[in-house]
Amino acid sequence: MHSNILELAKMRQQAAMGGGEPRNDAQHHRGKLTARERIDLLLDEGSFEELDMLKVGRADTTGAQGNYPGDGVITGHGCINGREVFVFSQDFTVIGGSLGEGHSQKICKVMDLAGRVGSPIIGLNDSGGARIQEGVDALAAYGEIFHRNVNASGVIPQISCIMGPCAGGAVYSPSITDFVFMVDGTSNMFVTGPNVVKTVIHTDISAEDLGGASVHAEKSGVAHFVYPNDILCLRGVRQLINYLPSNNRQKAPFLDLNDPPERTDPALDYLVPPNPNQGYDMNVLITSILDGAEFLPVQPDFARNIICGFGRLGGQTIGLVANQPAVLAGVLDNHASFKAARFVRFCDAFNIPLICLVDVPGFMPGPDQEHSGIIRHGAKLLYAFTEASVPRITVIVRKAYGGAYLVMNSKHIHCDINYAWPTAEIAVLGPRGASEVVYRKEIAAAADPDSLLNEKMEHYRKHYVNPFLAAKRGYIDDVIFPSDTRHRLIRTLQFLESKKGDRPERKHGNIPL
């Protein structure tokens, strides 16, 4: 018995060292934390319970390397602010964090447990990819993980942190998960690496330029959050978890920030400029109405003409979607439609009410947008809002024109409550476009066409685009004072809390992907 105890202590010590002190030092030299250091920072102190610490890989294919306890990944469960989560952390110091059969079995075990328990799963990815020595077994191992990612989608929150290389088939697991975090300068993602790119299309490109954090945050939209180092990245995960429920059967945690629900902000009465063509920052409105002015934007550097993120109203987590007039006038384009649609579907899957702040002049015109599928991408957002059964509230702040008005959570796609500010403009076309169509003969025949056009535009704006006409039709539930927006939203959320949505019997819809 005593010898077994000594052997156990020796094996656990070996597992805790990972690839050994020199490799751990090399990890630090690259600006990265070790796998265990990451877990310690992510979870509440002393809460981590490790599983499969002594599991080893297939020594028949990897030789002596197969005898590393843990097989290059640390798995288990712990707490974030007292709430249970499951985690796996790939260890780049052990066989490059490569994924083989044993490595995958450990990840699959905690994913299965997370699904059965109903707790979030967080993956800390730092891997050289598939373990080549294991051949097709390594590919089969990836497939088992993908299968579980899909089955867990919409059931438990899935979060991926890319904290090193992530290439080839390995990228598909994070891309299925709900949120992807990346670390600037030390993480990258790509299906085919720089060497393959050079061989196939004869283009020299660095790993950072091909699939670095900034690329995926600004251009591809793969990354939802980017941080400058491992420590801040893990703190960001903890912050996100605080907004989310543990599973799709629960509500998000309630947190009272002692911000009075009846608080008003007179400055909002002057937020919208008198000139309808002048921009302003929608973030001013967002931070004004949310509890404690706390807002967690999602994909802030991608499709900046639309804002998505989490906040709280009256202590309750809400998902917020807002046009950003300060960027491209808040127009909807391909990227904005895709970004908002996926965010809306996440919120609906996890019982998070949706607040929509609208100032949209329409969809982006032009052959590039049309040829890139703006019809299909715009339909994604329309589908997402229409399908959502959580409480849905819209505030039309200024412009709401044409099809974009309908898509942005309008009453006509069965939004629960629609408010408008007195500055709202709701119409098929903006005053200029409408006047040029309706009065084109008069304008063409006028001695001073520009003067007549301006006159007709003012007439159209006064009689056809103000919110009171829509309110008279019942398409707007109330025209509210801007300063009262926070109070009205909180009261509306309170009475919508018991909302029950009816959905047709079907296996699933066919969203225009």
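The paragraphs below describe helices, buried contacts, salt bridges, backbone angles and a surface patch in this structure, which is a predicted model.

A convenient place to begin is helix α21, which runs over residues 485-496. At 1.5 Å a residue, its 12 residues should span 16 Å, and the end C-alpha atoms are indeed 16 Å apart, so the expected and modelled lengths agree. Buried positions in α21 are Thr485, Arg486, Leu489, Ile490, Thr492, Leu493 and Leu496. Seen down the axis of α21, these buried residues fall within an arc of 165°, and therefore they line one face of the helix. The general geometry of such helices helps here: with 3.6 residues a turn in an α-helix, residues three or four places apart point the same way. What does the buried face of α21 pack against? Its partners are helix α12 (282-289) together with the strands β11 (306-313), β12 (316-323), β13 (354-360), β14 (392-401) and β15 (417-420).

Helix α13, covering residues 334-349, passes the same kind of length check. Its 16 residues should span 22 Å at 1.5 Å a residue, and the end C-alpha atoms lie 23 Å apart, which agrees. Among the buried residues of α13 are Ala336, Ala340, Ala341, Phe343, Val344 and Phe346. The buried set also includes Lys339 and Asp348, as well as Asn334, Ser337 and Cys347. After α13 comes Asn351, which has a positive phi near 60°.

Two further residues with positive phi deserve a look, given that most residues other than glycine have a negative phi. Ala293 has a phi near 55°, a positive value in a residue that is not glycine. Ala293 sits in the loop between α12 and β10 (295-298), and its relative accessibility of 44% makes it partly exposed. Ala303, also not a glycine, has a positive phi of about 50°. Ala303 belongs to the loop between β10 and β11. Is Ala303 buried or exposed? Its relative accessible area is 11%, and because the cut-off for burial is under 20%, Ala303 counts as buried.

Returning to α12, one of the partners of α21, a useful residue to follow is Leu285, which is found in that helix. Leu285 has 0% relative accessibility and is therefore buried. Beyond its neighbours within four places in sequence, Leu285 is in contact with Leu268, Leu271, Leu357, Val397 and Trp421. Leu285 and Ser483 are 198 residues apart in sequence, yet their C-alpha atoms are 9.8 Å apart in space. Gly168 and His487, for their part, are 319 residues apart in sequence and 49 Å apart in space, C-alpha to C-alpha. Gly168 lies in the loop between β6 (165-167) and α7 (172-176). Leaving aside neighbours within four places in sequence, Gly168 is in contact with Phe190 and Val191.

Charged pairs come next. Side chains of opposite charge can pair when their charged atoms come close. The model holds 24 salt bridges. One of them joins the side chains of Arg131 and Asp71, with an N to O distance of 2.9 Å. Arg131 lies in the loop between β4 (121-125) and α6 (136-152), while Asp71 lies in the loop between α4 (59-62) and β2 (73-80), so the pair ties together parts that are 60 residues apart in sequence. Where does this pair stand in terms of burial? Arg131 is buried at 1% relative accessibility, and Asp71 is buried at 0%. Arg131 also meets Glu134 in a salt bridge, at 3.4 Å from N to O, and both of these residues are buried. Salt bridges that share partners also join Lys32, Arg38, Asp126 and Asp230 into one network.

Another salt bridge links the side chains of Arg148 and Asp112, again given as N to O, at 2.9 Å. Arg148 lies in helix α6 and Asp112 in helix α5 (residues 101-117), so this pair ties together parts that are 36 residues apart in sequence. Asp112 is partly exposed, with a relative accessibility of 28%.

Finally, the surface carries a nonpolar patch formed by Val428, Leu429, Val437 and Val438, with about 370 Å² of accessible area together. Val437 is found in helix α17 (residues 431-438), and at 46% relative accessibility it counts as partly exposed.

Note on methods. Residues numbered from 1 in each chain as written. Predicted model: local features only at pLDDT ≥ 70, side-chain atom pairs only at ≥ 80, totals over all residues. Heavy atoms only, no water. Helix = DSSP H or I, 4+ residues; strand = E, 2+ residues; numbered from the N terminus. Expected span 1.5 Å × (residues − 1). Buried < 20%, exposed > 50% of the residue type's maximum accessible area, 1.4 Å probe, protein only. Arc of directions from axis to C-beta. Contact = heavy atoms within 4.5 Å. Patch = residues over 30% accessible without salt bridge, like charges linked within 9 Å, V, L, I, M, F, W, Y side chains within 5 Å. Areas by Shrake-Rupley, 256 points an atom, 1.4 Å probe, with all protein chains shown as cover. Salt bridge = Lys/Arg side-chain N within 4 Å of Asp/Glu carboxyl O.
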